[in-house]
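Please look over the sequence and the model below with three topics in mind: a charged side chain and its surroundings, a small sheet, and a covalent link between cysteines.

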Amino acid sequence: MTRRLLLLVAALAVVLIAVRWLWPAAPAPDTSPAVSATPVASASTQPTPEPAPAPPRRELHLLTADDDPPGALRLEGQVLDQDDLPVAGATVHLSSRPPRRVVSDDDGSFVFEGLIGREYELYARAGELTAGPLRHRLAADTDPAIVRLVAAGAIEVSVRGADTDAPVAGARVRVHAALPVEASTDGDGHARLDGLARGPHRLAVEAAGYAESVRIARAPAAGGAPVQVEVVLVPGVPVTGRVVDADGRPVAGARVVAAEAGDLLVLRDPAEEGVPTDPDGAFTVPALAPGRYRFYAQHPTYAPGETEPVEIRVGGRDDVEISLAPGGVLAGQVVTAEGTPAPWAAVHVRPDVQRAGGWSGAAIERQTVADEHGRFHLEGVTRAPVVVHAAAETTSTELVAVDLRAQARREDLELALTLDGVIAGIVVDEHGAAVAEAQVQAVVDIWRGGELGQLVARGPAHAVTDGDGRFRLTGIPEGAFRVGASRSGGRGWAGFGGVPGTPARTGDRNLRIVLATPGSVSGTLRFPDGDTPALASITVAGAARTSTTRGEFHLSELPPGRHDLTVRGPGFSDRVISGVEVQPGADTDLGALTVEPGRTITGRVVDDSGRPVPNADIIVARRLLSDGNKLTGSLGPGLDEQLGVRRSRSDGDGRFLLPGIGAGRLVLVAEHAEHGRSPAQTITPGRADLDLELRLAAFGAVEGVVTLGGEPTTAAVTIGSTTNPDHITMVRTGADGRFVADRLAAGRYKISASSGMLSASSAATAVDVGPGASTQVTLDIPQGDLTLTVQVAGEAGAEISAAQVFAISGQVTATTVAALNQLILSDEAATSYKMMFSFGGQPAVFSKLQAGPLSVCVVPIGGDLNDPAFAQRLQRHADALAVHCHTVDVTPGVTKKVYTATVPPMAPLPE
């Protein structure tokens with residue numbers, strides 16, 4: 001899971017009505033070494049490059065890239081280990097189109113021939129050592145690339161069948177990546193994947209007769225105990241169907257994937273993992289578990305398509321049909337600022353998140369390279385609002401907005417390389433010495449007024465420092481940026497890796513980035529009686545993570561500064577140590593850290609008749625975020641850890657045990673595939689052990705349609721219990737505006753639909769969901785003619801650096817985030833709201849509001865939201881954040897109104 005997927009996770013959190021989930025944990029820093037410009041000897045003989053699977057998707061939406069034209073350049077390089085010794089036999093992957101692989105020679109050298117000049121990514125692996133992605137801009141005078149391998153971590157997977165509760169032998173376990181890692185389970189259902197860079201990965205498990213399971217799994221830092229992942233495979237049935245065009249004719253060569261209709265994210269990529277259609281347009285998905293699915297199809301010359309939710313029954317299905325509409329066409333020419341043709345410029349087409357509301361359904365990003373005359377031609381482009389831009393070696397173009405809904409073909413585009421903005425400077429260590437070969441990344445700073453559309457369309461800009469530590473980022477637009485540097489060539493951008501990055505603006509030429517020598521943290525975990533925890537995970541800087549089975553831990557390659565350290569384990573309550581000081585090039589020994597056993601929650605899971613239910617899943621958490629199919633969704637262990645998720649399973653008598661539970665407020669839910677789900681139960685703060693009964697009832701369902709001004713729209717849908725705001729289910733609509741949540745406990749829910757990311761519009765209604773019943777909902781996000789400008793001012797002239805602002809229909813009174821969430825989820829709450837952020841004194845401007853009584857509620861934020869440590873602390877204490885609500889009356893007929901909300905600054909957060 002790379003940069004853009006993580007951005008999507010952040011965006012999903014932003015549109016949640018629960019303010020306390022707005023700031024997810026910082027993604028893991030990459031530990032791969034940087035590409036340098038050190039000359040190496042040319043390779044003598046190299047294996048012929050072979051096609052390879054595409055690298056992991058770095059884009060917010062699925063990316064389809066046309067093949068590169070043949071070129072005359074060669075990329076030379078050398079693979080070195082951590083001691084700067086050559087590594088022979090390393091597999092090296094290049095992100096050309098199509099991708100290529102070679103094997104390093106005896107002296108570690110490698111060569112890729114026939115390339116064009118552009119930026120590439122390199123990956124390498126040799127045994128348990130890995131590197132990448134490493135960015136390298138190739139030109140005629142480019143020096144060879146140096147790829148340094150580092151030690152990697154491991155994931156151990158245990159697989160069992162849901163039908164037998166027995167281990168599954170011979171299951172294929174695979175990490176999807178540029179250099180995939182694959183293994184088969186043994187007779188005990190166990191498999192081990194080695195050579196994984198620390199951080200999140202997309203893990204797929206498949207076995208004959210079972211539906212494939214895809215999830216996010218997180219590999220530990222090198223030296224840490226392997227991460228344990230348990231996968232339960234559900235028996236599946238084959239599903240066949242056809243892909244046809246708008247006239248019903250078969251479409252051969254399409255790629256098809258299926259995803260559960262209630263999934264929050266589609267983790268399968270049709271281009272890489274889809275099953276192909278034959279000359280009759282027919283396809284077969286080998287095994288799907290019974291349930292409701294959307295089927296997605298992709299073809300080079302058609303617009304991507306998807307079905308409405310399709311029910312797959314126990315006997316399978318053979319009549320699925322996916323219709324592909326004609327795709328849009330974008331063509332034109334890239335020219336220089338002087339109007340002459342610009343050869344080999346990269347052309348990017350991405351969904352216009354500003355006009356599309358941030359949710360674009362099955363939108364596919366497209367990418368191609370202009371020919372030697374600067375001309376480009378793209379077919380099969382999504383018929384939606386898109387933005388187009390081009391980039392050359394030192395320049396780029398403005399974003400050009402094209403609405404392909406109204407005009408299917410635009411063949412007259414001229415993209416002029418007029419943007420030559422520069423950010424330049426030097427990278428030094430803590431002593432002021434220049435740092436050569438550091439990778440530098442600059443990203444649009446949305447927290448200081450940068451546009452989300454620019455961030456999504458362009459992504460980060462990259463450069464590598466020269467021998468004097470100097471760097472030059474070129475071709476960037478005007479605006480605010482965050483700039484970060486890494487010795488290890490991280491795949492994130494400024495702000496990732498536990499540091500906030502350095503603020504900059506286009507035109508800054510003397511930026512100084514201090515890249516201090518990494519430090520480390522070590523310590524020992526002990527219970528009060530001196531015993532050692534059997535298993536624990538330790539997270540520092542919100543990202544760097546290791547695990548231990550011996551109580552001793554050591555986390556290296558940490559950015560110097562003050563960070564929070566979190567300790568979690570199955571036998572003790574979570575502990576957070578705030579303000580751990582990491583010193584450059586030194587180890588911070590925390591000594592013996594005492595962890596408390598916490599309280600124990602035991603109980604019994606029973607069905608609706610009171611009979612015990614074995615093999616039920618029990619989840620306890622501070623907050624629980626589900627999707628429409630699963631209790632803990634698909635967003636991976638990072639979010640589970642952030643929300644304090646712990647798990648148990650009931651035994652043959654329905655009994656369960658949850659030890660090491662903290663003293664705070666919690667939510668507890670049980671679920672079984674056949675017997676249903678229990679209502680979310682609140683565990684009140686305290687230290688006393690508890691013994692509870694969790695009664696299951698048949699799953700209820702909610703399905704419906706979301707419209708915006710009467711037209712179907714893509715949106716995020718949150719389903720919150722009106723009696724327990726700590727459990728939220730979140731799904732998304734398809735391109736048809738339809739959504740499905742098939743696994744809900746019986747009860748009363750508030751259903752809210754939100755369109756947008758950092759600004760959101762919503763509509764809501766309350767419904768009763770009965771066991772075994774499906775409730776139909778229609779939500780229309782209202783569109784009025786009022787524009788309300790809210791200026792946030794500090795009391796007595798205090799500075800308010802940032803604020804989250806809500807415009808809620810009706811009169812709302814709340815003083816804390818927790819109270820605001822409770823009101824929004826209650827039956828009495830208003831049916832619609834809009835949310836925006838205000839930064840740097842800029843007002844929040846709400847458009848298309850409806851006239852009438854409005855509540856303007858402001859959450860002032862006093863800190864740097866680019867700083868992961870502050871963002872995490874803000875999240876931990878979000879319930880107690882102050883909210884200031886004001887009533888604003890708008891007379892019908894008024895179309896513009898300005899309101900100043902005067903609020904006190906945010907109180908300091910507890911350590």
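## Burial of Arg292

A residue is called buried when its relative accessible area is under 20%, exposed when that area is over 50%, and partly exposed in between. The model shown here is a predicted one, and in it Arg292 has a relative accessibility of 16%, so this arginine counts as buried. Arg292 belongs to strand 22, which covers residues 291–299.

## Surroundings of Arg292

Which side chains make polar contacts with the side chain of Arg292? One is the side chain of Glu703, joined to that of Arg292 by a polar contact of 3.0 Å, and another is the side chain of Asp742, where the polar contact with the arginine side chain is 2.4 Å.

Glu703 and Asp742 also appear among the residues that Arg292 touches once those up to four places away in sequence are set aside. The rest of that list consists of Glu260, Ala261, Val310, Glu311, Ala701 and Val740, so that, by the cut-off of under 20% for burial, Arg292 is a buried residue with the acidic side chains of Glu703 and Asp742 as polar partners.

## A three-stranded open sheet

Strands 29, 26 and 32 form an open sheet, in the order 29-26-32, and the pairing within it is mixed. Strand 29 (375–381) and strand 32 (409–417) stand at the edges, and because each has a single partner strand, one side of each is left without a neighbour in the sheet. From one strand to the next, the twist averages 25 degrees.

Strand 26, made up of residues 328–336, pairs with strand 29 in the antiparallel sense, and five bridges connect the two. Leu330 has Leu378, in strand 29, as its bridge partner.

## The disulfide

How many disulfides does a search of the whole structure find? The search finds one, formed by Cys857 and Cys885, whose sulfur atoms are 2.2 Å apart. Cys857 lies in strand 68 (residues 852–861) and Cys885 in strand 69 (residues 884–890), so the pair ties together parts that are 28 residues apart in sequence. The torsion about the S-S bond of Cys857 and Cys885 is about 110 degrees, and the disulfide is therefore right-handed.

Are the two cysteines buried or partly exposed? Cys857 is buried, with a relative accessible area of 0%, whereas Cys885, at 23% relative accessibility, counts as partly exposed.

Conventions. Residues are numbered from 1 along each chain as its sequence is written. This is a predicted model: local features need pLDDT of at least 70, side-chain atom pairs count only at pLDDT 80 or more; totals for chains, interfaces and linings use all residues. Side-chain values use heavy atoms; hydrogens and water are left out. A disulfide is a pair of cysteine sulfur atoms within 2.5 Å. Helices (H or I, at least four residues) and strands (E, at least two) are DSSP runs, numbered from the N terminus. Buried means under 20% relative accessible area, exposed over 50%, partly exposed in between (1.4 Å probe, protein chains only). Two strands pair if DSSP finds at least two bridges between them. Axes are lines fitted to C-alpha atoms, for helices over the stretch in contact, and angles run from 0 to 180 degrees between N-to-C directions. A polar contact is a pair of N or O atoms within 3.5 Å; within protein, one must be able to donate a hydrogen and the other to accept it, and residues adjacent in sequence count only if both atoms are side-chain atoms. Contact means heavy atoms within 4.5 Å.
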